[in-house]
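Reader: Could you take me through this model by its domains, its core and its backbone angles, giving the cut-offs behind each term?

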Amino acid sequence: MKKIDTLDELIATVKKTDNIPTLPKVLSKISKEIDNDNFSIKNIGELMSHDVSLSARILRIVNSPFYGFPQRIYSINHAIMLLGFNVLKSIIISTTVFTAMKKTMAGLSEHSLFCAFTAKHIAASINAKKINNIDSDNMFSAGLLHDIGKIIIAATFKEDFKKIIEIADKSEKPLADIEYDILNISHDYLGYMLIKEWNLPSSIYLPIKYHHNVNLADDFKIESAILNLANFLTLALGIGFSGVTYLEKINRDTLKILDIDIYFIKSIIEEIYSYKDELYIFD
Ligand SMILES: [Fe+2]
Ligand SMILES: [Fe+2]
């Protein structure tokens, strides 16, 4: 087993591997269109209509009871308008990665989607409770993509990944620490690097970077804490699988940063539990 000594070496190794699914052309075209000053939803909708299964997924998400729109949405242009571009981009990235790598870690897509629902829900509740203005759509994206670094590890360092999962199964150590012991890097940092490279905003990639170390976050500390709590609740409720069998205690820093107590958490659990029946979009 080889330790990666420098970040450059790691990036080179990750880039060299052909196991990581490349993003579909439609994403780069859509990204270009979004970055264009006079982009139009019509053009984006037109680009998306070439990918039937992607369009179907977008419509399934926007029509899920989680979003709770009063009327059924049939048009992809309308769906894009309601979801927003960052969510659209995150769904494209995650469906590409999760469908291509479904066998690598069965259950990760369910874990990620439930975490996305939960993070968005917590953000909305925190906004309602205080004069906060957390972008709950970006929290959805961060939830969906937060563990994508695990896929990179699984695809790039296959043997090490097996070992990491084996150790995690037997020990009471956080997965990110085991990854770090073996690879000198962990999935939170790898995910952050990747999401940054795919041009999503810092309000998405910084919480991903700090989702296991909220106290280290300078910017987007509240967002990092929301993501940490959403991940914790997803694990505690046993939804999906993310390589973790040992449940750590709830993070005290998170409770302090969000200024919440156990009653708030109880009400969140009651409100989110039914989302477990809506995790079919990657099927
Ligand atoms: Fe994680
Ligand atoms: Fe996670």
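Author: The domain assignment of the protein chain gives domain 1 (1-21 + 103-283) and domain 2 (23-100), where the bounds come from an automatic or database domain assignment. This is a predicted model, in which local features need pLDDT of at least 70 and side-chain atom pairs count only at pLDDT 80 or more, while totals for chains, interfaces and linings use all residues. Residues are numbered from 1 along each chain as its sequence is written, and chains are lettered from A and ligands numbered from 1 in the order in which they are written.

Reader: Which element gives the most to the side of domain 1 that touches domain 2?

Author: The contact takes 22 residues from domain 1 and 20 residues from domain 2, two residues being in contact if their C-beta atoms, placed from the backbone, lie within 7 Å. On the side of domain 1, the elements that give two or more residues are H7, helix H8 (136-145) and helix H9 (148-156); helices (H or I, at least four residues) and strands (E, at least two) are DSSP runs, numbered from the N terminus. With six residues, the element that gives the most to this side is H8.

Reader: Which helix gives the most to the largest nonpolar core?

Author: A nonpolar core is a set of buried Ala, Val, Leu, Ile, Met, Phe, Trp, Tyr and Cys residues joined through C-beta atoms within 7 Å, and a residue is buried if 20 or more other C-beta atoms lie within 10 Å of its own, exposed if 12 or fewer, and partly exposed in between, with C-beta atoms placed from the backbone. The largest such core has 75 residues, and Ile 58, Ala 119 and Leu 229 are among those that touch the most other members. With ten residues, the helix that gives the most to this core is H7 (residues 108-129).

Reader: Is Asn 184 buried, partly exposed or exposed?

Author: Asn 184 is found in the loop between helix H11 (175-183) and helix H12 (187-197), and its phi is near 70°, a positive value in a residue other than glycine. Because Asn 184 has 14 C-beta neighbours inside 10 Å, it counts as partly exposed.

Reader: What is the phi of Asp 259?

Author: Asp 259 lies in the loop between helix H15 (252-258) and helix H16 (262-272), and with 12 C-beta neighbours inside 10 Å it counts as exposed. Although Asp 259 is not a glycine, its phi is positive, at about 55°.
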